[in-house]
Amino acid sequence: MALTATQVSSIKAGIAILSSGGDPERNGGDYKQLTPDARAGRYAFTSRQLEQTGYYKPGYADRYGQDCLYRKDVWTKKDGIINMRSFLNSAGVQEEAMQNLLSKNYKALISLGVMTENNPTSHIAGMLFVAHLLGVSDAVTWASTGIGTDSLGRKGTEWYSQGHYMIQNGIVYK
């Protein structure tokens, strides 16, 4: 990844703050939080993101959507996570899942031509914010049209601006 470890930490904290309404003084959101649209944890993981990071069985996110959180039969038991409660109670697992997701999103956005390793880090951060909010395929659409919102009406443009601003202005969370 073209970002430094400090920049990745700031991106993670920024996404946590935006995703789960976290407090910047605490470096982001609450690990035990569920959002109104059933996104889980500090980073407000969607069912698709939990499937991408290996915590849900393949195909279950499409089959059950966000209702996966409440089902026991969808969890793969990766890292000992057997249900929503164990995921919400596992800060370390959430941090590892977010790191994994950022890496996957970074590689996918480069592969799809939305960004390159030579782009300014502020652009890369902005795109990673949008990919977290909308998913990679909708982030690609957003990049070409500027159109895209999540189920709560949060706009890709706002998220891009936040990610871009954080890196461009050297905002660091510790």
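Start by selecting Lys-77, in the loop that runs between helix H3 (60-64) and H4. Colour it by backbone torsion and you will find a positive phi of about 75°, although Lys-77 is not a glycine. Its side of the story is an open one: with 58% relative accessibility, Lys-77 counts as exposed, because the cut-off for that class is over 50%. Keep in mind throughout that this is a predicted model.

Now step along to helix H4, residues 84-88, and pick Ser-86, which sits within it. Is Ser-86 buried or exposed? Its relative accessibility is 18%, so Ser-86 counts as buried, the limit being under 20%. Show its surroundings next: leaving aside residues up to four places away in sequence, Ser-86 touches Gly-80 and Ile-81.

While you are there, click on Arg-85, also in helix H4. This residue counts as exposed, at 63% relative accessibility. Draw a distance from the C-alpha atom of Arg-85 to that of Leu-69: the two are separated by 9.1 Å, with their positions 16 residues apart along the chain.

For another backbone stop, go to Ala-44, in the loop between helix H1 (5-20) and H2. Here too phi is positive in a residue other than glycine, with a value near 50°. What is the relative accessible area of Ala-44? It is 1%, so Ala-44 is buried.

Next, select helix H6, residues 121-134. Put a distance between its end C-alpha atoms and you should read 20 Å. That agrees with the expected span, because 14 residues at 1.5 Å a residue should also cover 20 Å. Now colour H6 by accessibility: 13 of its 14 residues are buried, so the helix is largely enclosed by the rest of the structure. As you look along it, a general point helps: an α-helix has 3.6 residues a turn, so residues three or four places apart point the same way. Just after H6, stop at Gly-135, which takes a positive phi of about 90°.

Stay with Gly-135 and turn on the pocket display. Which residues lie nearest the centre of the largest pocket? They are Thr-46, Arg-48, Leu-133, Leu-134 and Gly-135, out of 19 residues that line it. The elements giving two or more residues to this lining are helix H2 (47-52), helix H5 (91-111), H6 and helix H7 (136-145). Of these, H6 gives the most, with 4 residues. Colour the lining by class and you will see 5 nonpolar, 9 polar and 5 charged residues. The space inside the largest pocket comes to about 320 Å³.

Finally, zoom out to the whole chain. A cartoon view shows 8 helices and 0 strands, and reading along the sequence gives the pattern α-α-α-α-α-α-α-α. The radius of gyration is 15 Å, close to the 16 Å that the globule rule gives for 174 residues, so the protein is as compact as a globular protein of that length. Turn the C-alpha trace onto its principal axes and it spans about 40 × 35 × 30 Å. Switch to accessibility colouring once more: buried residues make up 47% of the 174 residues. To close, bring up a contact map. Among contacts between residues at least 6 apart in sequence, 52% join residues at least 24 apart.

Note on methods. Residues are numbered from 1 along each chain as its sequence is written. This is a predicted model: local features need pLDDT of at least 70, side-chain atom pairs count only at pLDDT 80 or more; totals for chains, interfaces and linings use all residues. Side-chain values use heavy atoms; hydrogens and water are left out. The expected span of a helix is 1.5 Å times one less than its number of residues. Buried means under 20% relative accessible area, exposed over 50%, partly exposed in between (1.4 Å probe, protein chains only). On a 1 Å grid over the protein atoms alone, a cavity is a set of points where a 1.4 Å probe fits but cannot get out, and a pocket is an open set with protein on both sides within 12 Å along at least five of seven lines; lining residues have an atom within 4 Å of a point. Grid points are joined across faces, edges and corners, and a volume is the space filled by probe spheres set on the points. Ala, Val, Leu, Ile, Met, Phe, Trp, Tyr, Cys and Pro count as nonpolar, Asp, Glu, Lys and Arg as charged, and the others, Gly among them, as polar. The radius of gyration is taken over C-alpha atoms; the globule rule is 2.2 Å times the number of residues to the power 0.38. Contact means heavy atoms within 4.5 Å.
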